[in-house]
Amino acid sequence: MRCPYCETDGPRRQIHRHLVDCHGDTVKTEADEARGAMAYLIVCPHCRGEIRQPVKPRWRDPGFLREFEQEIRLVAFDLLLYHLEDAHPEPGKV
């Protein structure tokens, strides 16, 4: 599998870790005050489609994002990898 942001190749598990360690800034969080919720968002670098998921209700806790930033990135990149495998398979891997 190849990283969608750079030339790094490796097994899926290795690419997942690489994404978290090297491209974590591509995962954004957005607060929706009107709904009283927060979501994390990652955009597919191939089709520009958005992957958006709500964050647990504790998002108003000032330490929440610091405490769970790593876990949020892990889940967001896992969803991105599933999307890439499904919608943008690498040549020869279909």
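In this predicted model, histidine 18 touches Cys3, Cys6, Thr8 and His23, leaving out residues up to four places away in sequence. Histidine 18 lies in helix H1, which spans residues 12-22. Its relative accessibility is 13%. Because buried means under 20%, histidine 18 counts as buried.

Histidine 18 has company in H1. Ile15, His16, Leu19 and Val20 are buried in this helix as well. The cover over the buried residues of H1 includes helix H2 (64-87).

The largest nonpolar core holds 19 residues. Within this core, Leu19, Val27, Tyr40, Ile42, Phe77, Leu80 and Leu81 touch the most other members. Two or more residues come from each of H1, strand S2 (37-43) and H2. H2 gives the most, with seven residues.

Valine 27 is one of the core members named above. Neighbours within four places in sequence aside, valine 27 contacts Tyr40, Leu41 and Ile42. The contacts of valine 27 also include Ile72, Arg73, Ala76 and Phe77. Of these partners, Tyr40, Ile42 and Phe77 also appear among the core residues that touch the most other members.

Strand S2 also takes part in strand pairing. S2 and strand S3 (residues 50-54) run antiparallel and pair over five bridges. In one of these pairings, valine 43 is bridged to glutamate 50 of S3. The two strands form a hairpin, with six residues between them. Arginine 48 sits in the turn and has a positive phi of about 65°.

Definitions and conventions:
Residues are numbered from 1 along each chain as its sequence is written. This is a predicted model: local features need pLDDT of at least 70, side-chain atom pairs count only at pLDDT 80 or more; totals for chains, interfaces and linings use all residues. Side-chain values use heavy atoms; hydrogens and water are left out. Helices (H or I, at least four residues) and strands (E, at least two) are DSSP runs, numbered from the N terminus. Buried means under 20% relative accessible area, exposed over 50%, partly exposed in between (1.4 Å probe, protein chains only). Contact means heavy atoms within 4.5 Å. A nonpolar core is a set of buried Ala, Val, Leu, Ile, Met, Phe, Trp, Tyr and Cys residues joined through side-chain atoms within 4.5 Å. Two strands pair if DSSP finds at least two bridges between them.
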